[in-house]
Each structure stands twice: as structure tokens, then as C-alpha cells.
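Let's walk through this one together, starting from a single residue and working outwards. Have the sequence and the model open side by side.

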Amino acid sequence: EGKKRKLFYGMSSSTAMQKYAGGVAEYRSSEGKTVEVDYRGPVDATMLDLLGGLRSACTYVGASCLKDISKRTTFIRVAQQLNPVFGG
């Protein structure tokens, strides 16, 4: 096929536990998945987009650095993701 592939795994997967913790402990079970995905190129542009979004968020709330975001905002836990008022 000739396509580049990339291994993608969660930190609770057996792959991550093998790589970073020497294996799955006897008293634990792996919870994450390991999948192969098509390689889609470097992440530079994506990272720049994320950083731009963080800069904007800091500007909106008046935070001069990431550490200040929690001091300038109130985080609200959302339990209901659909809004029935607007037909969702």
C-alpha cells in the first residue's frame, strides 16, 4: 500500500503501560485502545491553531498567562449536553 501509518493509543492502554510503566500491573486492567491511523503530516499548523485559541481565550478573560485563567474564570460542570429549549 505504501501509506505511512501512525500508532495512536490512550495512556490507559496496554501499549502505553508497556512503554512507560513496564507493563500492566497485576491488580489493573488496561482501559484504553490502541489503533493505527493514516499519517496526515506534521502537527505544526494544528499546534499553531491551538495556541492561537489559547491566546484568544486568555485575552477574553483578561489573563496574562495560562496560570491566571483559573483565577479569572468560573468553570461550570455540564451534566446535560443537549439544550431542549432550542430544539436540541
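Start at Ala-16. Once its neighbours within four places in sequence are set aside, Ala-16 is in contact with Tyr-9, Gly-10, Met-11 and Ala-21 (contact here means heavy atoms within 4.5 Å). Ala-16 sits in helix H1, residues 14–21; helices are DSSP runs of H or I with at least four residues, strands are E runs of at least two, and both are numbered from the N terminus. Ala-16 counts as buried because its relative accessibility is 2%, where buried means under 20% relative accessible area, exposed over 50%, and partly exposed in between, using a 1.4 Å probe and protein chains only. For a sense of distance, the C-alpha atoms of Ala-16 and Thr-74 are 34 Å apart, with those positions 58 residues apart along the chain.

Before going on, a word on what you're looking at: this is a predicted model, in which local features need pLDDT of at least 70 and side-chain atom pairs count only at pLDDT 80 or more, while totals for chains, interfaces and linings use all residues. Residues are numbered from 1 along each chain as its sequence is written, and side-chain values use heavy atoms, with hydrogens and water left out.

Now step back to Ser-13, in the loop between strand E1 (5–9) and H1. Is Ser-13 buried or exposed? With 0% relative accessibility, Ser-13 is buried. A polar atom of its side chain lies 2.6 Å from the backbone oxygen of Gly-10. That fits the polar contact rule: a pair of N or O atoms within 3.5 Å, where within protein one must be able to donate a hydrogen and the other to accept it, and residues adjacent in sequence count only if both atoms are side-chain atoms. Beyond four places in sequence, Ser-13 also touches Ser-30, Gly-32, Lys-33 and Thr-34.

Follow the chain to Tyr-39, in the loop between strand E2 (34–38) and H2. Tyr-39 is partly exposed because its relative accessibility is 40%. Lys-4, Arg-5 and Lys-6 are its contacts outside the four-place window, and its C-alpha lies 9.1 Å from that of Leu-7, 32 residues away along the chain.

Tyr-39 also helps line the largest pocket, together with Lys-6, Val-37, Asp-38, Arg-40, Gly-41, Pro-42, Val-43 and Thr-46. About 210 Å³ of space lies in this pocket. A pocket is an open set of points on a 1 Å grid over the protein atoms alone, where a 1.4 Å probe fits, with protein on both sides within 12 Å along at least five of seven lines; lining residues have an atom within 4 Å of a point.

Further along, Tyr-60 belongs to helix H2 (residues 44–61) and is exposed, because its relative accessible area is 71%. Arg-77 comes in the segment after helix H3 (66–72), and at 81% relative accessibility Arg-77 is exposed too.

Finally, zoom out. The protein has three helices and two strands, in the order β-α-β-α-α. Its radius of gyration is 20 Å, whereas a compact globule of 88 residues would have one near 12 Å (taken over C-alpha atoms, with the globule rule being 2.2 Å times the number of residues to the power 0.38). Buried residues make up 10% of the 88.

Definitions and conventions. Points joined across faces, edges and corners; volume = space filled by probe spheres on them.
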